[in-house]
Amino acid sequence: MIILKRIDEYTSRILKGLLIISVLLMTLILSMGVFYRLLFDKNITMSSEVCNYCILLITFGGASYVARQDKQVKISYLF
């Protein structure tokens, strides 16, 4: 049982780190894309694909993290 708790703790830390990294990466790439577009009138070629993957990771990883913490999330589409 102790081994399973340690595995759960390590996977929780990895998931939390991935969520933090993906939010920071998405913020950095989107802001760099805005400045690059303003200065050079060109887009960063892979920015939309990387941000799509980050959004997927944040969505499903966040849902997994919330389920792991045994909490509920209320999502409102009208807001």
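This passage describes helix H1 and its surroundings in a predicted model.

Helix H1 covers residues 2–40, a run of 39 residues. At 1.5 Å a residue, a helix of that length should span 57 Å. The C-alpha atoms at its ends lie 56 Å apart, so the expected and computed values agree.

One set of H1 residues is buried. The set consists of Ser-12, Leu-15, Leu-19, Ser-22, Met-26, Ile-29 and Gly-33. An α-helix has 3.6 residues a turn, so residues three or four places apart point the same way. The partner of the buried H1 residues is helix H2, residues 47–68, against which they pack.

Ser-12 gives a detailed view of this packing. The residue sits in helix H1. Its relative accessible area is 14%. Ser-12 therefore counts as buried, because the cut-off is under 20%. Neighbours within four places in sequence aside, Ser-12 contacts Tyr-65, Arg-68 and Gln-69.

A nonpolar patch lies on the surface. Its members are Val-34, Phe-35, Tyr-36, Leu-38, Leu-39 and Phe-40. Together they have about 670 Å² of accessible area. Val-34 belongs to helix H1. With a relative accessibility of 40%, Val-34 is classed as partly exposed, because that class runs between the 20% limit for buried and the 50% limit for exposed.

The backbone just after H1 was also examined. There, Asp-41 adopts a positive phi of about 55°.

Key. Residues numbered from 1 in each chain as written. Predicted model: local features only at pLDDT ≥ 70, side-chain atom pairs only at ≥ 80, totals over all residues. Heavy atoms only, no water. Helix = DSSP H or I, 4+ residues; strand = E, 2+ residues; numbered from the N terminus. Expected span 1.5 Å × (residues − 1). Buried < 20%, exposed > 50% of the residue type's maximum accessible area, 1.4 Å probe, protein only. Contact = heavy atoms within 4.5 Å. Patch = residues over 30% accessible without salt bridge, like charges linked within 9 Å, V, L, I, M, F, W, Y side chains within 5 Å. Areas by Shrake-Rupley, 256 points an atom, 1.4 Å probe, with all protein chains shown as cover. Salt bridge = Lys/Arg side-chain N within 4 Å of Asp/Glu carboxyl O.
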